[in-house]
Amino acid sequence: MMLGVQRTGVTAAAGALQRAGLIRYKRGNVTIIDRKGLKDRTCECYGVSKREFDRLLGDRAKRNARSDKM
């Protein structure tokens, strides 16, 4: 929903990234295997999207990640 795309599109993209050995994707859970390889496949919009994500959810996401480790 956040991406504004249909589930089939996400499934297809995730499958391609998994076949490339960049992520592991199963039932909505994504594990990044090769972060550099994944970044190398993105367009310049990755930086724009990341900055916007960090601006909107960055502090909350960091807090959630820390609490998940406890």
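**Exercise 1. In the predicted model, identify the bridge partner of Tyr25 in β2, and then describe how β1 and β2 are joined.**

Solution. Begin with the named residue: Tyr25 has Val30 as its bridge partner in β2. Next, take Lys26, which is paired with Asn29 of β2. These pairs belong to the junction of β1, residues 23-26, with β2, residues 29-32. Four bridges join the two strands, and their direction is antiparallel. Finally, consider the turn: two residues lie between the strands of this hairpin, and Arg27 has a positive phi near 50°.

**Exercise 2. Determine how many helices and strands the protein chain contains, and in which pattern they follow one another.**

Solution. The count gives three helices and two strands. Reading along the sequence then yields the pattern α-β-β-α-α. The hairpin of Exercise 1 supplies the β-β part of this pattern, as β1 and β2.

**Exercise 3. Compare the expected span of helix α1 with the distance between its end C-alpha atoms, and state which phi Gly21 takes after the helix.**

Solution. Helix α1 covers residues 7-19, which is 13 residues. At 1.5 Å a residue, the expected span is 18 Å, because the rise is multiplied by one less than the number of residues. The end C-alpha atoms are 18 Å apart, in agreement with that expectation. Beyond the helix comes Gly21, where phi is positive, near 80°.

**Exercise 4. Describe the largest pocket by its volume, its lining residues, the elements that contribute to the lining and its chemical character.**

Solution. First, the volume: the largest pocket holds about 1400 Å³ of space. Its lining consists of 26 residues, and those closest to the pocket centre are Leu3, Leu17, Val30, Leu38 and Tyr46. Val30 is also the residue bridged to Tyr25. Next, the elements: α1, β1, β2, α2 (35-40) and α3 (45-69) each give two or more residues to the lining. The greatest contribution is that of α3, with six residues. Last, the chemical character: the lining comprises 17 nonpolar, four polar and five charged residues.

**Exercise 5. State what percentage of the residues in the protein chain is buried, and what percentage of its contacts with a separation of 6 or more joins residues 24 or more positions apart.**

Solution. The protein chain has 70 residues, of which 10% are buried. For the contacts with a separation of 6 or more, 6% are between residues 24 or more positions apart.

How values were computed. Residues numbered from 1 in each chain as written. Predicted model: local features only at pLDDT ≥ 70, side-chain atom pairs only at ≥ 80, totals over all residues. Heavy atoms only, no water. Pairing = 2+ DSSP bridges. 1 Å grid on protein atoms, 1.4 Å probe; cavity = no way out; pocket = protein on both sides within 12 Å on 5 of 7 lines; lining within 4 Å. Points joined across faces, edges and corners; volume = space filled by probe spheres on them. Nonpolar A, V, L, I, M, F, W, Y, C, P; charged D, E, K, R; others polar. Buried < 20%, exposed > 50% of the residue type's maximum accessible area, 1.4 Å probe, protein only. Contact = heavy atoms within 4.5 Å.
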